[in-house]
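Me: I am new to this structure and would like a close look at a single part of it, the open sheet. Please take me there step by step, starting from the whole protein.

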Amino acid sequence: MINKKYLPKYPLVWQKDDFYIEIFCSIPNIATGILITTDKAKFVVDPGDGILRDLNKNISRKDILEISDIFISHGHHDHVGGVWSFLTYLSVMKRTLPLNIYFPEGCQEILSIHKAFQEVYSHETNYAINLIPINSNKKFKRKSITIQPFKVNHREMHDDGNSVYVPSLGYKFIYEGKSICYGGDTAYCESLVKMSKDSDLAIIEAGAIDEEDDTHLTMPQAEEIGKTAKEYFLVHVPE
Ligand SMILES: [Zn+2]
């Protein structure tokens, strides 16, 4: 049996005053699910499969219906698998508040899920879905949180043995002088190194299966980056 040095126990929770993050899950090829809140904001990051179950377990229906913004790091199924059920739930619950979905420009999965959702449910959906593709590192502000997206270098293996770039982002969330850096999935890249440094919390994937894997970070690489932040979580660790 392989000796596992580090396997995170979910959920992972971090809080500074009213700045709160809960990582329900981050397991490669299975699911991710992250909730970020302040007194004024309710965001979801990477709603993988099970996101509704996990939100329902932790917050009220009213709070779920007030989630205003969704941030997608990339389109792999373990990061977007819960989008369909989340959108449908809001429709069934008669939500009227608009919902923003931020995603890396070129992410076909989000465009396809949204298109299919509109085809099936637009006649009975009472809330607007604003798709917001991101193609730059420009900061913006939502509900008193500043969001700094940054491009990362995530790749997927194709059958010919070559890895191919997938549109991928990390996000830094800054609120009242505190910051949370979420790198999404990525191989080693300077943008993640820069954004993680001095963050109050860095959430770094350690998904590489071995040193040859250029689609994810190895555990030593992830630890090295994490240690430059005040605190860090290693996630997306192969089980
Ligand atoms: Zn991925």
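Reply: A residue is called buried here if 20 or more other C-beta atoms lie within 10 Å of its own. By that criterion, buried residues make up 41% of the 239 residues in the protein, and it should be said at once that the model is a predicted one.

Before turning to the sheet, it helps to have the overall frame in view. The C-alpha atoms fill a box of roughly 50 × 45 × 40 Å, taken along the principal axes. The radius of gyration is 17 Å, which agrees with a compact globule, because a globule of 239 residues would have a value near 18 Å. Among the contacts with a separation of 6 or more, 62% join residues that are 24 or more positions apart. The secondary structure consists of 7 helices and 15 strands.

The part you asked about is built from 7 strands, which form an open sheet with mixed pairing, and their order is β1-β2-β3-β4-β5-β6-β7. At the edges of this sheet are β1, covering residues 12–16, and β7, covering residues 129–134, and each of these strands pairs on one side only. Going from one strand to the next, the twist averages 15°.

Within the sheet, one pairing can be followed down to individual residues. Strand β2 spans residues 19–27 and strand β3 spans residues 31–37, and these two strands run antiparallel to each other, joined over 7 bridges. For Ile23, the bridge partner in β3 is Ile34, so that pair of residues is a convenient place to look when tracing the strands in the view above.

Technical notes. Residues numbered from 1 in each chain as written. Predicted model: local features only at pLDDT ≥ 70, side-chain atom pairs only at ≥ 80, totals over all residues. Helix = DSSP H or I, 4+ residues; strand = E, 2+ residues; numbered from the N terminus. Rg over C-alpha atoms; globule rule 2.2 N^0.38 Å. Buried ≥ 20, exposed ≤ 12 C-beta atoms within 10 Å, placed from the backbone. Contact = placed C-beta atoms within 7 Å. Pairing = 2+ DSSP bridges. Axes fitted to C-alpha atoms, helices over the stretch in contact; angles between N-to-C directions.
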